[in-house]
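Q: I've got a new protein model open and I'm not sure how to read it. Can we go through it together?

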Number of protein chains: 2
Amino acid sequence: MSLTTKLHFTSTTYHSFNSKSSRFRGYNTKIRPKSIYNFNPLTLSFYQSKRMQGPVQSSSTSVIKSSLIEPDGGILIDLVVPDSEREAKTVEAESLPKVRLTKIDVEWLHVISEGWASPLKGFMREDEYLQSLHFNYLRLKDGSFVNMSLPIVLAIDDETKERIGSSSDVGLVRPDGDLIAILRRIQIYKHNKEERVARTWGTTAAGLPYVEEVITPAGNWLIGGDLEVLKPIKYNDGLDCYRLSPKQLRQEFDRRKADAVFAFQLRNPVHNGHALLMNDTRRRLLDIGFKNPILLLHPLGGFTKADDVPLDVRMEQHSKVLEDGVLDPETTIVAIFPSPMHYAGPTEVQWHAKGRINAGANFYIVGRDPAGMGHPTEKRDLYDPDHGKKVLTMAPGLEKLNILPFRVAAYDTVAKKMAFFDPSRAKEFLFISGTKMRTYARTGENPPDGFMCPGGWEVLVKYYKSLQAEEATPQPAAVS
Amino acid sequence: MSLTTKLHFTSTTYHSFNSKSSRFRGYNTKIRPKSIYNFNPLTLSFYQSKRMQGPVQSSSTSVIKSSLIEPDGGILIDLVVPDSEREAKTVEAESLPKVRLTKIDVEWLHVISEGWASPLKGFMREDEYLQSLHFNYLRLKDGSFVNMSLPIVLAIDDETKERIGSSSDVGLVRPDGDLIAILRRIQIYKHNKEERVARTWGTTAAGLPYVEEVITPAGNWLIGGDLEVLKPIKYNDGLDCYRLSPKQLRQEFDRRKADAVFAFQLRNPVHNGHALLMNDTRRRLLDIGFKNPILLLHPLGGFTKADDVPLDVRMEQHSKVLEDGVLDPETTIVAIFPSPMHYAGPTEVQWHAKGRINAGANFYIVGRDPAGMGHPTEKRDLYDPDHGKKVLTMAPGLEKLNILPFRVAAYDTVAKKMAFFDPSRAKEFLFISGTKMRTYARTGENPPDGFMCPGGWEVLVKYYKSLQAEEATPQPAAVS
């Protein structure tokens, strides 16, 4: 689907989602302050009017003034306790019943503590869980709602529930026993795993990576409450410098005087097809009058399935892509999105977009089959590859985000470069999957010229060759 | 949970769902015309003010003036073609590719044609299907949304899709071949049964009655479009007189000068526990100042599972309940809700409530485990019995409906009557299930005095005894 066609569709949808009154009335200023960030390029092909000129005309000289999109709920959540209170809270936490977290629980605690899930202030209580599971939203006191498509919950077993007894607060400890947080005013409720999985993934087939790694082994209870995190979450893996919080990202966008921020979520190495999408987006944003659009290249850093390329390798590959000049370092910020991966397709892509709103992005690029994977037990994609972008443009609470849907890019064997797939010349395009990349690397064969920059490709060759040595030995269940 | 406590919870919820501005500002007049129907008794325990006096104070002399709640989307949909056009449309329909409907497809066509699903104008196209499946709502052009928790879709097989080819309209025929409607501007899209079932029921376990009867045997494509129904749907089963359309019900409520309409959905015989709920609701509505609350006793008339009591028997039983004076005929309307039953618990109860808004009800009674059943493969309820009322009070598009959640009623062996279950005297209460009723009837034993009026009980005895004769022979797959 071409961007132009899709723009029209999206803009219609967008407008039908906007103010309950006339689409020509001003935006709800609470969630859409009058600033360059309210200008919605997706309306261009819809209005076919002077508005076609974009921000230059629509808000004249204020164009360059940076004024980031508001976080969901209006305030960016930050749950790390002030230094002054740390000691006292730690002493208190010591005295509370303890809940031991898994590595992935800690990743979610990290996500909540920095405000990626704003306005969520802790692991979900039952009302929040039910709204997320059934409606993909959370209602706020003022009647407005924010998107929340994945339940962010903490599971405990019967024995832990017993131990907590009637205590209203608990202490949360890392797998190694290190105290990291207090959960206040807790609520414990049933963990119906079957219902959670069915409503989140749209299947209960065996072999869903997150389900096997996290949900199946988890306890039969969920515990919700408000978080107080004793100190910022660090991983000490040499990549913490890339783990910028939404607050830090907003400061950086302000420092660079960004007048548009477009986010690109990925969990794979960057090839020239991705680069094409990102550079094309920047060009279009400049065309419609933005002066300084900044790209947030935002690889996912939490749990991923065993056959995905691990984070450290991806980060090294991404750096090479910038070094080789495929993306412009001046207008690109590379940072890590600390969320674990669900592989829940249309449901999860909403979370990926919502998290970036909280980091200040007002444009979100979505391609084919976002957050998708093959069906674990059938020979087909688990999700319709077009449902992700359709669901994203119709989702509750994402009205203020400009969705940029793209056609899939593939290798054009005639032009000898990555290009947007043209169905009329389907035979002339080559799709290079992860499996195919792996085969190239294993056999020492190079991918076609123009598929990926040489520096980035070398990183992958090194990684895939290192796997061959291991291949006799079993893979780890998951790679974070 | 007591009504009073729950009222407070509900009213808070209600207000958090109301206008995005101050709760003291007027309601959005588009969906809440200034009339007695806008008065929300659920706010009483919330405000604790003069508003406590209810409609009498809040709208003085206009109290009795009937002005029914608006249908979803503002206009009640009626898709039956005018007499003047019937002949021409029928001739046209004859010329179109045909789609043969199942008995249950016809029930859905009936539902859509009379506006129970307003503003839905036909079987869902993909955008509507995805919004319903993922968000339980439909967005309107003005940005507002209406509740739509069940996908109302029409499935076709590969051969039918082939036959339709590129035609933009199709004719719909009954199982017997009789032409009944035209579907316009059709869209054909994939029917992913696994995803539909998982997201609607929260399980994919074998043995879900609607899935086995309808979805599993259905084709791999869904066809959406706008309906034009050639003539009103009739069943000629002696019960059509009970099948009042939303339009007819609204006329009847107006004729009776109802100033409140409270709906009671059921698919089972009425026992005195149900009567207790309904009479208690009426008393409470009178207490807070309504002058003429009318009960819509609204048994579901479409597909039900084989071990439910069939419609004709239920209708006979309901009449006896009115004859025996357990419910007051003066303030009760008994009619049939033509929808098929999904047994999808918290997802389906939203549909049951939404349909009644379109019929003019502004109060909806919800009890324990609405639209629930036992898990088909595990020894437990399929849904948490409290999730139905919780989800209903938080659902999108039901803000204008007053939800009346009730505790479960059971037989109080001390007071020798049906009463609200009191956990502190749990041992003194007797729960009489359908299975238990059946045992009573089979053994000729009477249920405890005060469980059900004698006239109503006789009807069931006759039915259950008739089953014994059949019991050697296999049950039908379903009873409509």
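A: Sure, and let's begin with a term we'll need: a salt bridge is a side-chain nitrogen of Lys or Arg within 4 Å of a carboxyl oxygen of Asp or Glu. Keep in mind that this is a predicted model.

Q: OK, how many salt bridges are there between chain A and chain B?

A: Chain A and chain B share 6 salt bridges. One of them joins Arg380(A) to Glu194(B), with the closest N and O atoms 3.1 Å apart. Polar contacts turn up here too: the count is 18 residue pairs, both partners at pLDDT 80 or more.

Q: Which helices and strands of chain A help build the side that touches chain B?

A: At least two residues each come from α1 (3–17), α6 (126–135), β2 (137–139), α8, α13 (345–358) and α14 (387–394) of chain A. Sort the residues on that side of chain A by type and you get 17 nonpolar, 21 polar and 15 charged.

Q: How do people put a size on an interface like that?

A: The size is often given as the accessible area lost when the parts come together. For chain A and chain B, that comes to about 4,000 Å², 48% of it on carbon and sulfur atoms. The contact takes in 53 residues from chain A and 51 from chain B.

Q: Can I read the inside of one chain that way? What domains does chain A have?

A: The domain assignment splits chain A into domain 1 (83–229) and domain 2 (240–465). Their C-alpha centres lie 29 Å apart. Between them, these two domains of chain A bury about 2,700 Å², with 69% of it on carbon and sulfur atoms. Trp116(A), Asn147(A) and Trp201(A) supply 29% of the area that domain 1 buries against domain 2, more than any other three residues.

Q: And how many salt bridges link domain 1 and domain 2 of chain A?

A: The count there is 0. Polar contacts do cross that interface, though, in 15 residue pairs with both residues at pLDDT 80 or more. On the domain 1 side, α5 (103–113), β3 (145–147), α8 (193–201) and α9 (209–215) of chain A each give at least two residues. The biggest giver is α5(A), with 5 residues. That side of domain 1 has 19 nonpolar, 9 polar and 3 charged residues.

Q: Last one: in what order do the strands of the open sheet with β14 of chain A run?

A: Read across the sheet, the order is β15-β14-β16 in chain A, with antiparallel pairing. At the edges sit β15 (417–420) and β16 (429–430), each pairing on one side only. Strand β14 (residues 409–412) pairs with β16(A) over 2 bridges, and Asp412(A) has Phe429(A) as its bridge partner in β16(A).

Key: Residues numbered from 1 in each chain as written. Chains lettered and ligands numbered in written order. Predicted model: local features only at pLDDT ≥ 70, side-chain atom pairs only at ≥ 80, totals over all residues. Heavy atoms only, no water. Domains from an automatic or database assignment. Buried area = accessible area lost by both parts, 1.4 Å probe. Polar contact = N/O pair within 3.5 Å; in protein donor to acceptor, adjacent residues only side chain to side chain. Helix = DSSP H or I, 4+ residues; strand = E, 2+ residues; numbered from the N terminus. Nonpolar A, V, L, I, M, F, W, Y, C, P; charged D, E, K, R; others polar. Pairing = 2+ DSSP bridges. Contact = heavy atoms within 4.5 Å.
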